[in-house]
Structures are given as structure tokens and as C-alpha cells.
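Colleague: I should like to learn how to read the packing, surface and cysteine features of a model. Could we take them one at a time?

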Amino acid sequence: MYGCVFCNEPIPDGQRVCRECMFQRTAIHAKDKKSAILECLKKNHTGKRNAVHSAELERMFSLDDRAVRRKISALRKEGYPICSGDVGYYYAENQKEINSTVGRLNDMMTGVSDARTGLMFARFPEPVMTVRITVQMNGGEL
């Protein structure tokens with residue numbers, strides 16, 4: 001027996017979602033997926049120990065990886081404490097989890113800033129031109 005990926009209720013082998021969650025999942029397509037992701041994280045993935053991988057969110061909400069990142073980013077901008085790390089995404093359980101994600105995001109910003117600075121000082125090398133010159137003398141004979 002395994003647990004439902006949404007609510008962790010026991011389900012038979014070979015299944016990933018219980019009947020109740022399957023019914024709710026069909027309703028997800030009728031409502032805003034950003035809100036559905038928030039609801040899913042709050043209900044089933046609070047705390048780092050309950051993190052869910054991005055690939056699972058992609059599958060559950062029929063989104064590609066970029067769309068998931070954009071929705072998570074939008075929720076964070078609205079002030080929701082959605083954390084992430086090597087383990088996946090999760091709704092923060094405490095300030096320490098938030099601080100850890102903020103630190104990781106700061107490191108990412110520093111890396112992007114360093115790359116930007118490097119490009120600002122980059123110079124495109126001057127093109128090397130090869131010119132072939134033919135000189136004709138005495139009526140064209142060399």
C-alpha cells in the first residue's frame with residue numbers, strides 16, 4: 001500500500017491518487033492553478049520534510065517546469081512563505097525554513113549579478129580579416 005500524493009491516505013499499489021483527491025484534481029482545471037498549487041502546498045507539503053519535487057507539481061497540475069516556477073514566484077511575491085531546496089517545494093513551517101530559502105535566493109542573485117558584471121566588461125574580439133591580393137604585371141603574366 002502506498003499513500004496518495006495529495007493527502008497521503010492509503011491507496012492500492014499502482015495508484016497515486018485516492019478517489020477524493022482525483023475528484024478534487026478534476027476541479028483544479030476549472031479554477032486558478034496558482035491558487036490550487038498554494039492550497040496543495042499548505043495542505044500536504046508544509047515543512048521541509050514534506051517537500052514535493054517540481055516534477056510532481058508539473059504532473060499534478062499539467063504544467064511545464066517554467067510555468068510551475070512562475071506560479072511559485074508569483075505566490076512568493078504575494079507574501080506566501082513558499083520555500084524550496086534540493087528536496088523540492090514546501091510551505092514554510094518556521095522562520096528558519098524561510099531564512100534558508102532567502103539565503104539560497106541571495107546566492108542565486110549574486111551569481112547572476114557576477115555574470116552580468118563580467119558581460120559588462122567583456123569585449124568582442126576584433127575580427128581577423130584575410131585579404132588576398134593579386135598583382136598583374138606585364139600584361140597579366142607573373
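Modeller: The discussion below takes the core, then a pair of contacting residues, then the surface and the cysteines. This is a predicted model, in which local features need pLDDT of at least 70 and side-chain atom pairs count only at pLDDT 80 or more, while totals for chains, interfaces and linings use all residues. Residues are numbered from 1 along each chain as its sequence is written, and side-chain values use heavy atoms, with hydrogens and water left out.

Colleague: Which residues touch the most other members of the largest nonpolar core?

Modeller: In soluble globular proteins, nonpolar side chains tend to be buried together. A nonpolar core is a set of buried Ala, Val, Leu, Ile, Met, Phe, Trp, Tyr and Cys residues joined through side-chain atoms within 4.5 Å; buried means under 20% relative accessible area, exposed over 50%, and partly exposed in between (1.4 Å probe, protein chains only). Here the largest core has 22 residues, and Leu41, Phe61 and Ile82 touch the most other members. At least two residues each come from helices H2 (33–44), H3 (54–61) and H4 (65–77) and from strand E4 (88–91); H2 gives the largest share, 5 residues. Helices (H or I, at least four residues) and strands (E, at least two) are DSSP runs, numbered from the N terminus.

Colleague: Where does Lys48 lie, and what is it in contact with beyond its neighbours within four places in sequence?

Modeller: Contact means heavy atoms within 4.5 Å. Lys48 is in the loop between H2 and H3 and, beyond those neighbours, contacts Val87, Tyr90 and Glu97. Lys48 is partly exposed, at 45% relative accessible area, whereas Glu97, in helix H5, is buried at 10%.

Colleague: Which residues form the nonpolar patch on the surface?

Modeller: A patch joins residues with over 30% relative accessible area and no salt bridge (a side-chain nitrogen of Lys or Arg within 4 Å of a carboxyl oxygen of Asp or Glu); like charges are joined within 9 Å, and nonpolar side chains (Val, Leu, Ile, Met, Phe, Trp, Tyr) within 5 Å. This patch comprises Met129, Val131, Ile133, Val135 and Met137, together about 610 Å² of accessible area (Shrake-Rupley method, 1.4 Å probe, with only the protein chains shown as cover for residues).

Colleague: Why does Cys83 form no bond with the closest cysteine sulfur?

Modeller: A disulfide is a covalent bond between the sulfur atoms of two cysteines. The cut-off is a pair of cysteine sulfur atoms within 2.5 Å. The sulfur of Cys83 is too far away for a bond, because the closest cysteine sulfur, in Cys40, is 15 Å away. The count is 0 disulfides.
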